[in-house]
Amino acid sequence: MARRGRCRLLGLALGLLLALALAPRALRAKPTVRKERVVRPDSELGERPPEDNQSFQYDHEAFLGKEDSKTFDQLTPDESKERLGKIVDRIDSDGDGFVTTEELKSWIKRVQKRYIYDNVAKVWKDYDRDKDDKISWEEYKQATYGYYLGNPTEFQDSSDHHTFKKMLPRDERRFKAADLDGDLTATREEFTAFLHPEEFEHMKEIVVLETLEDIDKNGDGFVDQDEYIADMFSHEDNGPEPDWVLSEREQFSDFRDLNKDGKLDKDEIRHWILPQDYDHAQAEARHLVYESDKNKDEKLTKEEILDNWNMFVGSQATNYGEDLTKNHDEL
């Protein structure tokens with residue numbers, strides 16, 4: 001009984017040759033993979049009980065960035081605190097010796113933005129084949145689907161044939177939505193919108209539509225409760241559903257299905273995956289302040305942060321400190 005995430009391509013059983021041919025997409029960019037919901041279900045973060053270090057992963061990724069947080073287990077606690085102190089100095093934007101919720105919120109948003117643009121920079125050269133600092137739809141299509149398009153007979157009797165036949169027009173639809181000037185060529189900003197549509201207002205309808213298409217297995221244009229559960233839970237042994245699945249069924253009935261017709265339409269899906277009344281950076285900042293604010297003055301000193309260093313950087317630490325001397329004006 002495995003709990004499955006919301007990944008669209010990770011289940012592909014590609015052969016080794018095909019995997020190598022499609023390496024930029026299969027291994028790095030994954031433009032048609034929608035992230036797990038990045039917001040927490042508990043909006044009142046300040047009222048939850050203290051956590052142990054094993055449950056700090058979300059905090060580490062929010063504070064340091066997903067990629068950097070993976071490299072933090074190389075340093076001692078003292079080295080971790082030293083580098084965390086340097087980060088605190090940068091977060092304290094007005095230099096008054098305190099870190100406020102608003103300063104933490106701004107930092108978390110900056111880290112997220114840096115991750116997104118770093119991700120685009122890493123894969124850019126895989127698609128910009130003519131090195132003109134733009135990526136045309138044809139360049140992307142050839143880099144991603146070239147082997148499939150050039151060797152269609154190899155896929156005639158393969159499940160991959162159906163997968164690629166479905167994904168190619170869907171990627172083209174997303175590419176065109178990101179291509180604001182309609183020239184079928186993406187600038188870096190447009191390609192960023194293509195790879196990370198959930199971060200751009202004009203791409204959110206595509207996110208909703210792709211989510212509906214992924215979960216709506218009977219093709220009726222709605223998501224019923226069983227489809228909603230099947231998207232996150234594989235009932236493999238016909239045993240009883242775990243408690244968290246029963247809780248998700250209640251969530252569906254009580255909070256997802258707003259008009260109580262037993263299914264989710266596009267508006268209800270949008271409300272679910274793109275909630276307008278929840279700012280995850282604000283919530284995480286409030287949570288970090290609440291858990292570290294010993295004197296309850298609603299702001300943090302460097303000492304308070306370092307005393308609770310486990311929550312910010314864990315038993316690992318940050319090599320992000322090595323990057324502090326670099327220019328990040330683009331963020």
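# Worked exercises: loops, helix pairs and EF-hand spans

Leaving aside neighbours within four places in sequence, Thr301 touches Gly97 and Phe98. Keep in mind that this is a predicted model.

## Exercise 1: Place Thr301

Work out where Thr301 sits and whether Thr301 is buried or exposed.

*Step 1.* Find the segment. Thr301 belongs to the loop that runs between β8 (299-300) and α15 (302-307).

*Step 2.* Check the accessibility. The relative accessible area of Thr301 is 18%, and the cut-off for buried is under 20%. Thr301 is therefore buried.

*Step 3.* Add the partners. Beyond its neighbours within four places in sequence, Thr301 has contacts with Gly97 and Phe98.

## Exercise 2: Two residues with positive phi

Take Asp133 and Lys296, and describe the backbone, the loop and the exposure of each.

*Step 1.* Look at phi. Asp133 is not a glycine, yet its phi is positive, at about 65°. Lys296 isn't a glycine either, and has a positive phi of about 55°.

*Step 2.* Locate them. Asp133 is in the loop between α6 (101-127) and β3 (135-136). Lys296 is in the loop between α14 (280-292) and β8.

*Step 3.* Classify the exposure. Asp133 has 43% relative accessibility, so it counts as partly exposed. Lys296 comes out at 53% and counts as exposed, because the exposed class starts over 50%.

## Exercise 3: The α10–α13 pair

Describe how helix α10 and helix α13 cross, and say which residues meet.

*Step 1.* Get the geometry. α10 covers residues 204-215 and α13 covers residues 266-273; their axes come within 10 Å and cross at roughly 105°.

*Step 2.* Name the arrangement. Angles of 65 to 115 degrees count as roughly perpendicular, so α10 is roughly perpendicular to α13.

*Step 3.* List the contact. From α10 come Glu205, Val207, Val208, Leu209, Thr211, Leu212 and Ile215, and these meet Lys266, Ile269, Arg270, Trp272 and Ile273 of α13.

*Step 4.* Sort by class. The α10 and α13 contact has 8 nonpolar residues, 1 polar and 3 charged.

## Exercise 4: The α8–α9 pair

Do the same for helix α8 and helix α9, and include the handedness of the crossing.

*Step 1.* Get the geometry. The axes of α8 (residues 159-178) and α9 (residues 188-195) come within 8 Å, with a crossing angle of roughly 135°.

*Step 2.* Name the arrangement. Roughly antiparallel would need an angle over 145 degrees, so α8 and α9 are oblique to each other.

*Step 3.* Give the hand. α8 and α9 cross in a right-handed way.

*Step 4.* List the contact. On the α8 side are Asp171, Arg174, Phe175 and Ala178; on the α9 side are Glu190, Phe191, Ala193, Phe194 and Leu195.

*Step 5.* Sort by class. This α8 and α9 contact is made of 6 nonpolar and 3 charged residues, with no polar ones.

## Exercise 5: Annotated spans and the whole chain

Which spans does UniProt label "domain: EF-hand", and what are two of them like in the model?

*Step 1.* Read the record. The unreviewed UniProt entry puts this feature at residues 79-114, 115-150, 166-201 and 203-238.

*Step 2.* Describe 166-201. Its end C-alpha atoms are 25 Å apart, and the span is 58% helix and 6% strand.

*Step 3.* Describe 203-238. Here the end C-alpha atoms are 39 Å apart, with 50% helix and 11% strand.

*Step 4.* Zoom out. The protein has 16 helices and 8 strands, and 45% of its 331 residues are buried. Of the contacts between residues at least 6 apart in sequence, 67% link residues at least 24 apart.

Note on methods. Residues numbered from 1 in each chain as written. Predicted model: local features only at pLDDT ≥ 70, side-chain atom pairs only at ≥ 80, totals over all residues. Heavy atoms only, no water. Axes fitted to C-alpha atoms, helices over the stretch in contact; angles between N-to-C directions. Helix = DSSP H or I, 4+ residues; strand = E, 2+ residues; numbered from the N terminus. Parallel < 35°, antiparallel > 145°, perpendicular 65-115°, else oblique. Contact = heavy atoms within 4.5 Å. Nonpolar A, V, L, I, M, F, W, Y, C, P; charged D, E, K, R; others polar. Left-handed = near helix turned anticlockwise from the far one by under 90°. UniProt positions renumbered as here; feature names shortened; annotations may be inferred. Buried < 20%, exposed > 50% of the residue type's maximum accessible area, 1.4 Å probe, protein only.
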